[in-house]
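Welcome, and please open your viewer. We will go from stop to stop, selecting a few residues each time.

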Amino acid sequence: MKKFKTMLLAVLCSTTLLMSPPLNVSAASGYLSSAEFISYDQSVSGKLSDDEKEYYGFKVNEGDGYRVYLDNFVDYNYDWDDEGNEIHKPLNFNDSTILISLVNEHDSEIDSVSYRMEDQGTDYYTFQAPYTGNMYLKFDNSSRAEYTFHIEEYQLSKGTEILDDYNNHYKVIGKNKVAFIAPFSKNQESISIDSTIKNDGIEYEVTQIAANAFKNNKKLYSVYLPDSLISIGNNAFSGCKKLDYVTFPSDLQTIGKNAFYKCSSLQTIEFKGIIKKIGKNAFNGTKNGAYIYVPSKKKYKSLLKNSGLRKYYLMNN
């Protein structure tokens, strides 16, 4: 059995679907106004002869995830009984194909969603809607085939762990949002965390560094934080003795307690925006005489009061 896209087995095993009630969809305007409209989780069956096309419309919301389940796909040959009635019989080999695409109302294909299915069995495709409005599932280029499918809204539940392309670990914390929870190796020396990661066809924004994410990583000397970052958890980088420089993105709101505790080489810290809260002892045990670059000296004198910094130089950036 083929999957529309290759997925990590560990992710698939931890996937939980959160199903919403079926949505009623209205007729569309435009080029495909005659397409059959369906509701989510409605099972639909179809049959194509040579070079036929079928369209099914459904409503989507930008950024939401959806999964198309295709099952009971059957290749068949035409035949006739003794009385001249048309019959068909399944084939046991892959001599015909069916092209499945997502298109807009003008029959323009949406990128990276087309797949040519050749096997009998069950398959699925997960995608994220690029706009709000009507979308269409198109069955095309068939050499006689039958199919059954349904569409479901799809979202990983909170707490589900997923991986990025480099096997760094993340946890789902909300709709299309994740927290970085651990690097692929505790011996990592340098890491750059992207603002978004993609898993199973859905894009997630990285908004948190979880508590203890890099705790006691004694080889880490550089980290590049994503612009999407909102918060850094307690003890996130505590004990990273080789870390010597960190820049906080402009949208960062909070730094947790002991977040950079005993980062004894940390001597340059840059804040690009005005943070709301710096936890107690967040920088306790960092290098004496550290240079702190900030957009407002007045505000950061107050913010750094309980941060554990003893001797430091506050500089305008």
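In which sense do S13 and strand S16 pair, and over how many bridges? Select residues 202-209 for S16 together with S13, and keep in mind that this is a predicted model. The two strands pair in the parallel sense, over four bridges. To see one place where they meet, pick alanine 179, which stands opposite glutamine 208 in S16.

**Stop two: the other partner of S13**

Now add strand S12, residues 169-174, and keep S13, residues 177-182, on display. This pairing is antiparallel and has five bridges. Try histidine 169 here: its bridge partner in S13 is alanine 182. Then move to the turn, where the hairpin of S12 and S13 has two residues between the strands. Click on asparagine 176 in that hairpin, and you will find a positive phi near 60°.

**Stop three: an open sheet**

Next, select S19, S21, S23 and S24. These four strands form an open sheet in the order S19-S21-S23-S24, with parallel pairing. The edges belong to strand S19 (245-248) and strand S24 (312-316), each of which pairs on one side only. From one strand to the next, the twist averages 15°.

Inside this sheet, zoom in on S21 (residues 268-271) and S23 (residues 290-294), which run parallel and are joined by three bridges. Isoleucine 269 is a good residue to label, since it faces a residue of the like name: isoleucine 292 in S23 stands opposite.

**Stop four: two cysteines**

Show the side chains of cysteine 240 and cysteine 263. How far from the sulfur of cysteine 240 is the nearest cysteine sulfur? That nearest sulfur belongs to cysteine 263 and is 5.2 Å away. A disulfide needs the two sulfur atoms within 2.5 Å, and the structure holds zero disulfides. Are these cysteines buried or exposed? Cysteine 240 counts as buried because its relative accessibility is 0%, and cysteine 263, also at 0%, counts as buried too.

**Last stop: two loop residues with positive phi**

Go to the loop between strand S1 (36-37) and strand S2 (44-48), and select aspartate 41. Its phi is near 70°, a positive value in a residue other than glycine. With 46% relative accessibility, aspartate 41 counts as partly exposed.

Finish at lysine 262, in the loop between strand S20 (254-255) and S21. Lysine 262 is not a glycine either, and its phi is positive, near 60°. At 44% relative accessibility, lysine 262 counts as partly exposed.

How values were computed. Residues are numbered from 1 along each chain as its sequence is written. This is a predicted model: local features need pLDDT of at least 70, side-chain atom pairs count only at pLDDT 80 or more; totals for chains, interfaces and linings use all residues. Side-chain values use heavy atoms; hydrogens and water are left out. Two strands pair if DSSP finds at least two bridges between them. Axes are lines fitted to C-alpha atoms, for helices over the stretch in contact, and angles run from 0 to 180 degrees between N-to-C directions. Buried means under 20% relative accessible area, exposed over 50%, partly exposed in between (1.4 Å probe, protein chains only).
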